[in-house]
Amino acid sequence: MGAETVEEIKPTASTANEKSLLALLRLANLQLSPKITGALLERYCAAPEALFEATDRELAEIPDLDLQAHHVARLRDLAYIPTASQRRWLERSDTALLWKGHPNYPSSLLDIYDPPAILFLQGSYRKFDLTSVAIVGSRHATPYGVHVAERIACELAAYGIIVISGGARGIDAATHRGVLEKKGRTLAVLGCGPDVAYPREHRALFQAIAQQGALVSEYPPGTQPEAWRFPARNRVISGLAQAVLVVEAPINSGALITARYALEQGRSVLAVPGDINRPASAGTNALLKEGAIVVTETADVLYALGLTALAAKPRQPTLDFDTGQPNVFDTSHLNELQRKLVESLSLTPRHIDQIAQEVQRSVSEVSTEMTLLELSGFVQRLPGNTYVRGQSL
């Protein structure tokens, strides 16, 4: 389970010559619907370059393809010929272009509605493992959601399971970080070109993902992010996975779109319960009421994947993300007030006034101790003078 057969999927002369690859890239630049692109590919799979030399009559004879005049006009438009930067991207040793019909196109995508006809990958190339989980959630995650996503992703990676997410802020980023810290394999399915860092502050994160996994996109290099692309890419996230875990999501969340796609695709849908008073958990709690599998620990995910032997093993201590060693709740070197402060905290933010009242000390005294605890990693300060428990615990 979880073991991968290492196999390069960089297209070579045996699978596609340079002219064919450039034709596929030009076809992707048209950004026609997956259905139309797939039909054109099926007809011209042997020599994609012939597509752009086909007559109107030949195009009209393609079965089950309603090609409109504006579609044909795009096929004829030389503006969609691959750019120099796209050519350079394709020539890199860490990139690949996969299409329906390529031997390494993910088989799990073939049975979903509207599968992407062409995929662009950047990173380390191994066949897509059958054992994979998607973890998704809100871009505006709470400390609780971030902690849960990192922890479960880290523990799944320890079992050799591929963890998939969308590269966005919040839960997605926490998921990728958890896998990377465990030196596992993670895929980021993007709503832009594989060479575009969005959000910009994730440039270093994407570079790390490409080292230990891959950036995946149905959009060609250079494609900028647009709002409509992200709901569309969610079907690829769920399609690549056996199960989708929603960690934290409000009612109107893209993560719930991914969950709906997962249901339509016959994937398992799981959710982490959250605080009923927080809008950030309203979506996940709604999924649970609708029958999603409850996840309160990583073993629940393993059971959902059918990995009962692994799930039945005694649970190991959570690993510290910096040292790789088991976390130990060791506060023996703290003074009495510091221990009380640490014990009063959880992953739900608490205001310093509330904390001071609970430990019966002045705000100024508590503030001083909190600063020392923050430097030691025991607590984390958040906006609004609120605190949560730190990652040292």
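Is asparagine 385 buried, partly exposed or exposed? I looked this up first. Asparagine 385 is partly exposed, with a relative accessible area of 26%. I keep in mind that this is a predicted model.

**Entry: two positive phi values**

I stayed with asparagine 385. I found this residue in the loop between β11 (379-382) and β12 (386-389). Its phi is near 60°, a positive value in a residue that is not glycine.

I then turned to glutamine 31. Here phi is near 50°, again positive in a residue other than glycine. Glutamine 31 lies in the loop between α1 (18-30) and α2 (34-43). I noted a relative accessibility of 32%, so glutamine 31 counts as partly exposed.

**Entry: aromatic pairs**

How many aromatic pairs are there? I get a count of 3. I wrote up two of them, beginning with tryptophan 89 and phenylalanine 120. This pair is edge-to-face, with 6.0 Å from centre to centre and 65° between the planes. Tryptophan 89 belongs to helix α5 (residues 84-91) and phenylalanine 120 to strand β2 (residues 118-123), so the pair ties together parts 31 residues apart in sequence.

Are these two rings buried or exposed? I find tryptophan 89 buried, at 4% relative accessibility. Phenylalanine 120 is buried too, at 0%.

Next I looked at tyrosine 198 and phenylalanine 230. Their ring centres are 5.8 Å apart and their planes meet at 45°, so I logged the pair as tilted. This pair links distant parts of the chain, 32 residues apart. Tyrosine 198 is in the loop between β5 (186-189) and α8 (203-212), while phenylalanine 230 is in helix α9 (residues 229-240).

I checked accessibility for both partners. Tyrosine 198 counts as partly exposed at 37%. Phenylalanine 230, with a relative accessible area of 14%, is buried.

**Entry: a cis bond**

I went back to tyrosine 198 for its backbone. The peptide bond from tyrosine 198 to proline 199 is cis, with omega near 0°. I place proline 199 in the loop between β5 and α8.

**Entry: charges over rings**

Which residue lies over the face of phenylalanine 230? I found arginine 139 there, 5.7 Å from the ring centre. Phenylalanine 230 thus has two notes in my book: the tilted pair with tyrosine 198 and the arginine over its face.

I also noted arginine 229. Its charged end sits over the ring of tyrosine 219, at 4.8 Å from the centre.

Definitions and conventions: Residues are numbered from 1 along each chain as its sequence is written. This is a predicted model: local features need pLDDT of at least 70, side-chain atom pairs count only at pLDDT 80 or more; totals for chains, interfaces and linings use all residues. Side-chain values use heavy atoms; hydrogens and water are left out. Rings of Phe, Tyr and Trp (its six-membered ring) pair if their centres lie within 6.5 Å; planes under 30 degrees apart count as stacked, over 60 as edge-to-face and the rest as tilted. Helices (H or I, at least four residues) and strands (E, at least two) are DSSP runs, numbered from the N terminus. Buried means under 20% relative accessible area, exposed over 50%, partly exposed in between (1.4 Å probe, protein chains only). A charge sits over a ring if NZ of Lys or CZ of Arg is within 6 Å of the ring centre and within 35 degrees of the ring normal.
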